[in-house]
Amino acid sequence: MLREEALAALTSREADERLKAARFFAMNAVGGDRRKLRAALNKETVPWIKRALERSLSRAVPIAEAVPRLGVYADPPVRVLAELRAAAIDEVASTIIHELATLVGRLRIRAPVEVNEYPESDTRTLVDSLAGLLAGIRNLKTAVAQPDYAETDLATECRETCAIFAEAADAFRFGGPSPFLAEIDSGLFKLALTNVVRNAVESISAAAEAEALITLNWGRAGHEVWVAVIDNGPGFDRDPSSLVDFGKSTKEEHIGFGLATAKQAMQAMEGDVYPSNAAEGGARVELRWFGTHENPVR
C-alpha cells in the first residue's frame, strides 16, 4: 500500500481498508501525518482499528520536533528509535528477571531450613507470593512481544491449553467446531487463555455441590474471532471489567496479574478480554481479536 492510498483509505467506509491503512501508518507514520491520523482516530469506532491508529500516532513525532537538515525539516527515524528503545527495555527487563529469579530461588532453598515450621508460616506465604510476582513479570514481558501470526487450529490450541490443568480434566467441555482454522500468534494466545482457564479452574473449586464445569466455545462474529471460557463457580463479586487492571483480583492471595496479562497478550494481537458474570451463574470471559491478518504491519 502506497502512502497516498493509505491516506485515502483512512476515511473508507470499509473497516478492512481502514485497518490496512492504520497498519501501514503504524510502521510508516511521519510527523506530517499526525493531523489526519488524529482526525481518523476521533471518528473511528472499531476497537482494533483505534489501537492501530494509536500506535501510528505514537510513531509520528510532531512536526515541531522534526530534525532540521540542510534548512528543511525532516522526520527522524521514528521506527528505528522505537525498535532501539524496545530492545533496551527488553534487555533491562531480562536482566532484572534473571537477578530476581536467582534471589527467589536461593530464598526458597534457605527459608525452609532457617524458619521453624516453615510449611505453615507466613514466611512461606510471602515467598510464594514473591515467586508468583516473578512469574507474573515474566508473563507480562511475553505479553508485550510482537505477534507472529500463523494459521492454526483453534480447537487444538484450546484443548492443549486445558490439558495443562490435569486436576480439572473431568470438568472441561468443548463446544466449538473442530477443526477451526484462525490466524493467531500461538504463544500469545496460549498465554492469554492459560490465565483465563486457570481462573476458571480455581473458581470451580469453590462451586456448590453441583458438578464442576468449564465450557470452552469458539467461533467468528463478523471480522472477529472469539473464544469464551464459562465456569459454574461463584462468578465475580465485583465489577468484572475492573479485574483486567494490574493488581486487581477477587482472591486475597493473588497479585492480580492473571486477567491483566491476558489483556496485554490479546491487545498485542489487536484484541481484548471481556469478563462478565454469566446469566446462568458463574463467570464468563471472552477473548476476542481481529480475525484477518493479511498484510500485517507492526
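A crossing of two helices is called right-handed if the near helix is turned clockwise from the far one by less than a right angle, and left-handed if it is turned anticlockwise. The views below show parts of a predicted model.

**View 1. Helix 7 crosses helix 8 in a right-handed sense.** Two packed helices are described by the angle between their axes and the distance between the axes. Here the axes of helix 7 (residues 154-163) and helix 8 come within 10 Å and cross at roughly 50°. Angles under 35 degrees count as roughly parallel and those from 65 to 115 as roughly perpendicular, and helix 7 and helix 8 are therefore oblique to each other. On the side of helix 7, the contact is made by L154, E157, C158, E160, T161 and C162, which meet S186, F189, K190, L193, T194 and V197 in helix 8. Sorted by class, the residues of this contact are six nonpolar, three polar and three charged.

**View 2. Helix 2 packs against helix 4 with a left-handed crossing.** The axes of helix 2 and helix 4 (residues 47-59) are 7 Å apart, and the angle between these helices is about 25°. That angle makes helix 2 roughly parallel to helix 4. From helix 2, the residues A15, R18, L19, A22, R23, F25, A26 and M27 meet W48, I49, A52, L53, R55, S56 and R59 in helix 4. The residues of this contact divide into 10 nonpolar, one polar and four charged.

**View 3. Five strands form an open sheet with mixed pairing.** Strands of a sheet pair through backbone hydrogen bonds, either parallel or antiparallel. The order of the strands in this sheet is 4-6-7-9-8, and its edges are strand 4 (172-174) and strand 8 (271-277), each of which pairs on one side only. On average, neighbouring strands of the sheet are turned by 20° against each other, direction ignored. At one edge, strand 4 pairs with strand 6 (residues 214-221) in the parallel sense over three bridges, and R173 has T215 in strand 6 as its bridge partner. Helix 8 (residues 186-204) lies across strand 4, strand 6, strand 7 (224-231) and strand 9 (283-290), and runs at about 20° to strand 7.

**View 4. Strand 8 and strand 9 form a hairpin.** These two strands run antiparallel and are joined by seven bridges, with P275 standing opposite V285 in strand 9. Five residues lie between the two strands, and in the turn G281 has a positive phi of about 105°.

**View 5. Two loops contain backbone features that can be examined residue by residue.** S178 and P179 are joined by a cis peptide bond, for which omega is about -5°, and P179 lies in the loop between strand 4 and strand 5 (181-184). E117, although it is not a glycine, has a positive phi of about 50°, and its place is in the loop between helix 5 (78-114) and helix 6 (122-143).

**View 6. A salt bridge joins D33 and R3.** In this pair, the closest N and O atoms are 2.5 Å apart. D33 lies in the loop between helix 2 (15-28) and helix 3 (34-43), whereas R3 is in helix 1 (residues 3-9), so that the pair, 30 residues apart, links distant parts of the chain. The structure holds 11 salt bridges, and the pair of D33 and R3 is one of them.

Key:
Residues numbered from 1 in each chain as written. Predicted model: local features only at pLDDT ≥ 70, side-chain atom pairs only at ≥ 80, totals over all residues. Heavy atoms only, no water. Pairing = 2+ DSSP bridges. Helix = DSSP H or I, 4+ residues; strand = E, 2+ residues; numbered from the N terminus. Axes fitted to C-alpha atoms, helices over the stretch in contact; angles between N-to-C directions. Contact = heavy atoms within 4.5 Å. Parallel < 35°, antiparallel > 145°, perpendicular 65-115°, else oblique. Nonpolar A, V, L, I, M, F, W, Y, C, P; charged D, E, K, R; others polar. Salt bridge = Lys/Arg side-chain N within 4 Å of Asp/Glu carboxyl O.
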